[in-house]
Amino acid sequence: MPANDLDPIPVQERTIALVGLMGVGKTTVGRRLARRLHLPFADGDVEIEAAAAMTVSDIFARYGESEFRAGEARVMRRLLEGPRKVIATGGGAMLNPETRALMKARAVTVWMRADLAIVAQRVQRRDTRPLLRGRDPLEALGQLAEARYPVYAGADLVVDVTGGAHGEAVEAILRALEAHGILESRP
């Protein structure tokens with residue numbers, strides 16, 4: 001990665017990257033947050049699917065997780081190097097060291113943390129998540145949490161989003177951004 005990719009930009013000009021396990025609400029909350037902040041929104045998985053011209057499930061089935069992760073890293077680089085926006089990252093995006101370094105320099109990362117039992121209930125509604133296919137969702141999420149939480153803990157902000165509606169999660173994220181000087185205080 002060229003050195004200038006890691007030159008930090010002022011925190012108020014940074015993209016806001018939502019990170020966390022699948023099913024915590026990154027996409028829905030991200031869309032609402034972007035509207036509130038008058039910023040564009042990008043969903044990492046949607047951008048990957050557009051770049052590959054196939055679904056995430058198809059990418060996993062045809063090429064495997066390692067190829068998916070390589071494509072994810074390319075898409076995340078493009079999103080993070082572009083204009084300021086709100087990004088809903090894929091649950092594994094932050095695991096890539098180069099993506100993590102680029103996020104550190106170009107984004108404010110917000111770990112959307114939620115109770116695993118509630119997340120497991122949410123993800124059971126759709127069979128579109130390759131890492132859960134054929135597995136008990138709570139057990140699979142527990143294993144993912146064990147591996148990923150130490151990485152997510154490096155996020156700039158941690159916001160617990162277990163207890164309420166998506167609107168409440170947006171408000172909690174806005175309060176956290178204000179408290180850390182990333183946004184001007186609202187009246």
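Let me begin with the largest cavity, which is lined by V24, V29, R122, V161, G164, A165, H166 and A169. This is a predicted model, and everything I describe this morning should be heard with that in mind. The space in that largest cavity comes to about 40 Å³, and the structure holds one cavity of 30 Å³ or more. If we sort the lining of the largest cavity by class, we find five nonpolar residues, two polar ones and one charged residue.

From there I would like to turn to the helices, starting with α2, which covers residues 44-52. At its start, a side-chain oxygen of D43 comes to within 2.9 Å of the backbone nitrogen of D45, while the residue that follows α2 is A53, with a positive phi near 55°.

Next come helix α3, residues 56-63, and helix α4, residues 65-81, whose axes lie 7 Å apart and make an angle of about 130°. Since that angle falls neither over 145 degrees nor in the range from 65 to 115, α3 counts as oblique to α4. On the α3 side the contact involves V56, I59, F60 and Y63, and these meet E65, E67, F68 and R69 in α4. Taken by class, the residues of this contact are five nonpolar and three charged, with no polar residue among them.

Helix α4 also packs against helix α5, residues 97-106, and here the angle is about 10°, with the axes 10 Å apart. The two helices, α4 and α5, are therefore roughly parallel to each other. From α4 the contact takes A73, M76, R77, L80 and E81, and from α5 it takes T99, L102, M103 and R106. By class, this contact of α4 with α5 divides into five nonpolar, one polar and three charged residues. As a general point for reading such lists, an α-helix has 3.6 residues a turn, so residues three or four places apart point the same way.

That leaves the second largest pocket, which brings several of these elements together. Which helices each supply at least two residues of its lining? They are α2, α3 and α4, and the largest share, five residues, comes from α4. The full lining consists of I48, A51, A52, M54, I59, Y63, E67, F68, G71, R74 and V75, and among these I59, Y63, E67 and F68 also take part in the contact between α3 and α4. About 190 Å³ of space lies in this second largest pocket, and its lining is made up of eight nonpolar residues, one polar residue and two charged residues.

How values were computed:
Residues are numbered from 1 along each chain as its sequence is written. This is a predicted model: local features need pLDDT of at least 70, side-chain atom pairs count only at pLDDT 80 or more; totals for chains, interfaces and linings use all residues. Side-chain values use heavy atoms; hydrogens and water are left out. Axes are lines fitted to C-alpha atoms, for helices over the stretch in contact, and angles run from 0 to 180 degrees between N-to-C directions. Helices (H or I, at least four residues) and strands (E, at least two) are DSSP runs, numbered from the N terminus. Angles under 35 degrees count as roughly parallel, over 145 as roughly antiparallel, 65 to 115 as roughly perpendicular and the rest as oblique. Contact means heavy atoms within 4.5 Å. Ala, Val, Leu, Ile, Met, Phe, Trp, Tyr, Cys and Pro count as nonpolar, Asp, Glu, Lys and Arg as charged, and the others, Gly among them, as polar. A polar contact is a pair of N or O atoms within 3.5 Å; within protein, one must be able to donate a hydrogen and the other to accept it, and residues adjacent in sequence count only if both atoms are side-chain atoms. On a 1 Å grid over the protein atoms alone, a cavity is a set of points where a 1.4 Å probe fits but cannot get out, and a pocket is an open set with protein on both sides within 12 Å along at least five of seven lines; lining residues have an atom within 4 Å of a point. Grid points are joined across faces, edges and corners, and a volume is the space filled by probe spheres set on the points.
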